[in-house]
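Colleague: I'd like a close look at a single part of this fold. Pick one, stay with it for a while, then work outwards.

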Amino acid sequence: SIFIDEAQDYSYFQFAALKAGFETELFTIVGDLAQGIHSYRGLKSWEPLVKEIFPNANYQTLQKSYRTTVEIMQLANDILSIMNQDLPKVEPVIRHGDKPRFTKIDPANLEQVKQILEDDIQLLKKEELNSIAIIGRTDKECLRIHKMLENSNLPIQLLEEKEDMKKGSVVILPSHLSKGLEFDAVLIVTLEESYSDEELDIKLLYVAMTRPMHRLYLYASSPSDLLLDRVQIERF
């Protein structure tokens, strides 16, 4: 039996080739279309996969999230709704926590931004939330964040692809690398790169927002940089 995770990032051709190459229909395929960040090759719908490539498949929709809180998931679903596509909304288990928190920052004053992030991270660590990630939109944005924090007293790791996370470090990583990971707390930071209302940016932001189990903190010069002007104000 062949198991494929993150199936939304595979093309229909790749599935057909795998089926022919392994000469079997015994596949277990799981994925989330809302996290399909490789639109040039990824799936837009499960229907062609189920009807044409695996016509004998059993198809089930699982919409429960056991990772994050109700408050965080509500905001993430609001962001996903901006696309106005018929994507299933994830329902969190009934576990409440703090609302996501937005902090206005001035990217022209990096020393002040650094102090704000350090103070927030220290408070999170005092609450024994030790698995902490700072997520930027792209690799370049993460390099900017890392440069800002490189002289910090905190243990900081700029995560590269296929690199292991160092225990106890605050990890800086781009949104596309965060897919499939989870943390106690996530800080989404925008210095020079805001998120647009294009499909890819919305999905990248959705992925980043659904990584934390307990706390989601958002930092930008304006709520619109994180599309927060498009959601209900009480969400954060």
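Modeller: Helices (H or I, at least four residues) and strands (E, at least two) are DSSP runs, numbered from the N terminus. On that basis, my pick is strand E8, the place of Ile172. Keep in mind that this model is predicted, with local features needing pLDDT of at least 70 and side-chain atom pairs 80 or more, while totals for chains, interfaces and linings use all residues. Numbering runs from 1 along each chain as its sequence is written, and side-chain values use heavy atoms, without hydrogens or water.

Let's start with Ile172 itself. Its relative accessible area is 0%, so Ile172 is buried (under 20% is buried, over 50% exposed, partly exposed in between, with a 1.4 Å probe and protein chains only). Ile172 has buried company along the strand: 5 of the 5 residues of E8 are buried, which means the rest of the structure largely encloses it.

Now look at which way those side chains go. In a regular strand they alternate between the two faces of the sheet. In E8, Val170, Ile172 and Pro174 point one way. Val171 and Leu173 point the other way, and the whole set is buried.

What does E8 pair with? Strand E6, residues 132-136, pairs with E8 in the parallel sense over 4 bridges (strands pair if DSSP finds at least two bridges between them). If you want a landmark on E6, look for Ile134, which stands opposite Ile172 of E8. E7 also pairs with E8 in the parallel sense, here over 3 bridges. There the landmark is Ile156, whose bridge partner in E8 is Val170.

Next, step into the loop between E7 (156-158) and E8 (170-174), where you'll find Glu160. Glu160 has 47% relative accessibility, so it counts as partly exposed. From Ile172 to Glu160 is 12 residues in sequence, and 9.1 Å in space, C-alpha to C-alpha. That gives you a 0% residue, Ile172, and a 47% one, Glu160, to compare on screen.

Working outwards, let's turn to charges. Side chains of opposite charge can pair when their charged atoms come close. Taking a salt bridge as a Lys or Arg side-chain nitrogen within 4 Å of an Asp or Glu carboxyl oxygen, the count comes to 15. One of them joins Lys179 and Asp9, at 2.5 Å from N to O. This pair links distant parts of the chain, 170 residues apart: Lys179 is in the loop between helix H6 (175-178) and strand E9 (183-189), and Asp9 in the loop between strand E1 (2-4) and helix H1 (12-22). Lys179 counts as buried at 15% relative accessibility, and Asp9 does too, at 7%.

Another salt bridge runs from Glu193 to Arg144, with the closest N and O atoms 2.9 Å apart. Here the loop between E9 and helix H7 (199-209), home of Glu193, is linked to helix H5 (residues 139-149), which holds Arg144, across 49 residues. Glu193 is buried at 13%, whereas Arg144 is partly exposed at 26%. Both belong to a salt-bridge network that also takes in Arg137, Glu141, Glu192 and Asp201.

Last, Asp197 and Arg230 form a salt bridge with their closest N and O atoms 3.3 Å apart. Asp197 lies in the loop between E9 and H7 and Arg230 in the segment after strand E10 (212-220), so the pair ties together parts 33 residues apart in sequence. Asp197 is partly exposed at 43%, and Arg230 is partly exposed at 42%.
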